[in-house]
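Visitor: I would like to learn how to read a structure like this one, feature by feature. Could you walk me through it?

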Amino acid sequence: MDKLRIDKWLWAARFFKTRRLAVDALDHGRVRVNGQPAKPSREVKPGDEVSLVQPGGVLRSVKVLGASNQRGPAPVAQQLYTETPESVAAREEAARQRHLAPEPALGHAEGRPTRRDRRQIERLQDDDGARDAWGDRWSAEWR
């Protein structure tokens with residue numbers, strides 16, 4: 001097999017879990033073949049350079065080595081392409097940056113307090129007099 005549709009190749013090379021996800025990436029302009037935006041029907045052949053943005057914002061640049069209709073095991077899929085050294089270095093740097101500065105919303109300490117945390121906060125506020133009791137602030141009487 002000499003040529004293959006880019007959406008099938010991306011799926012067979014295991015860059016995307018389904019062909020539908022590959023087609024969505026192609027439709028949104030996240031995949032380029034030889035520097036040109038690609039449509040799902042674009043055929044790729046050995047020697048083409050494909051650059052793509054995977055889910056999670058991972059930018060990869062690979063050179064096509066072969067084509068396969070079938071989605072096989074990962075070691076077989078990795079034989080369909082070779083990643084450029086610049087792409088490998090950029091991906092490792094991005095991973096290092098993510099490791100050093102994790103997303104703040106992912107930590108359990110950040111975000112919405114637990115019930116226990118909320119009760120502790122309320123106790124501290126009541127002790128400081130910063131917050132009045134509910135009955136002191138509101139009244140059913142019409143003044």
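Guide: Gladly. Please keep in mind that this is a predicted model. Let us begin with residues and burial: arginine 91 has a relative accessible area of 30%, so it counts as partly exposed.

Visitor: Which partner does the side chain of arginine 91 meet in a salt bridge?

Guide: The general idea first: side chains of opposite charge can pair when their charged atoms come close. In this model, arginine 91 forms a salt bridge with glutamate 83, at 2.7 Å from N to O. Glutamate 83 is buried, because its relative accessible area of 16% falls under the 20% cut-off.

Visitor: What other salt bridge does glutamate 83 take part in?

Guide: Glutamate 83 also meets the side chain of arginine 60, with 3.0 Å between N and O. Both arginine 60 and glutamate 83 are buried.

Visitor: Where do arginine 60 and glutamate 83 lie?

Guide: Arginine 60 sits in strand 6 (residues 58-64) and glutamate 83 in strand 7, so this salt bridge ties together parts that are 23 residues apart in sequence.

Visitor: How many salt bridges does a search of the whole structure find?

Guide: The search finds eight. One of them joins arginine 118 and glutamate 122, with an N to O distance of 3.8 Å. Those two are four residues apart in helix 5, so about one helical turn separates them. Arginine 118 is partly exposed at 39% relative accessible area, and glutamate 122 is partly exposed at 28%. Elsewhere, Arg5, Asp7 and Arg19 are joined into one network by salt bridges that share partners.

Visitor: Which residues gather in a patch of positive charge on the surface?

Guide: To read a patch, look for like charges that gather on the surface. Here the patch of positive charge consists of Arg115, Arg116, Arg119 and Arg123. Take arginine 119 as a case: it belongs to helix 5 (residues 115-128), and with 43% relative accessibility it counts as partly exposed.

Visitor: Now the aromatic rings. How many aromatic pairs are there?

Guide: The count comes to three. One of them brings together tryptophan 9 and phenylalanine 15, whose ring centres are 5.8 Å apart with 35 degrees between the planes, a tilted arrangement.

Visitor: Why is that arrangement called tilted?

Guide: Planes under 30 degrees apart count as stacked and those over 60 as edge-to-face, so whatever falls between is tilted. The rings of phenylalanine 15 and tyrosine 81 offer another case: their centres are 4.7 Å apart and their planes stand at 45 degrees, so this pair is tilted as well.

Visitor: Which parts of the chain does the pair of phenylalanine 15 and tyrosine 81 link?

Guide: It links distant parts of the chain, 66 residues apart. Phenylalanine 15 is in the loop between helix 1 (6-12) and helix 2 (19-27), while tyrosine 81 is in strand 7 (residues 81-83). Together, Trp9, Phe15 and Tyr81 make up one aromatic cluster.

Visitor: Are the members of this cluster buried or exposed?

Guide: Tryptophan 9 is buried, at 0% relative accessibility. Phenylalanine 15 and tyrosine 81 are both buried too, and the relative accessible area of phenylalanine 15 is 4%.

Visitor: What should I look for in the backbone?

Guide: One thing to look for is a positive phi in a residue other than glycine. Arginine 14 has such a value, near 65 degrees. Arginine 14 lies in the loop between helix 1 and helix 2 and is partly exposed, with a relative accessible area of 37%. Asparagine 34 also has a positive phi, near 55 degrees. Its place is the loop between strand 2 (31-33) and strand 3 (36-37), and it counts as partly exposed at 40% relative accessibility.

Visitor: How far apart are glycine 66 and proline 46 in sequence and in space?

Guide: They are 20 residues apart in sequence, and their C-alpha atoms are 5.3 Å apart in space. Glycine 66 is in the loop between strand 6 and helix 3 (74-77), and it is buried, with a relative accessible area of 15%.

Visitor: To finish, how many helices and strands does the protein have?

Guide: The protein has six helices and seven strands, following the pattern β-α-α-β-β-β-β-β-α-β-α-α-α along the sequence. Of its 143 residues, 24% count as buried.

Terms used. Residues numbered from 1 in each chain as written. Predicted model: local features only at pLDDT ≥ 70, side-chain atom pairs only at ≥ 80, totals over all residues. Heavy atoms only, no water. Phe/Tyr/Trp six-rings, centres within 6.5 Å; stacked < 30°, edge-to-face > 60°. Buried < 20%, exposed > 50% of the residue type's maximum accessible area, 1.4 Å probe, protein only. Patch = residues over 30% accessible without salt bridge, like charges linked within 9 Å, V, L, I, M, F, W, Y side chains within 5 Å. Areas by Shrake-Rupley, 256 points an atom, 1.4 Å probe, with all protein chains shown as cover. Salt bridge = Lys/Arg side-chain N within 4 Å of Asp/Glu carboxyl O. Lys, Arg positive; Asp, Glu negative; His and termini not counted. Charge placed at Lys NZ, Arg CZ, Asp CG, Glu CD.
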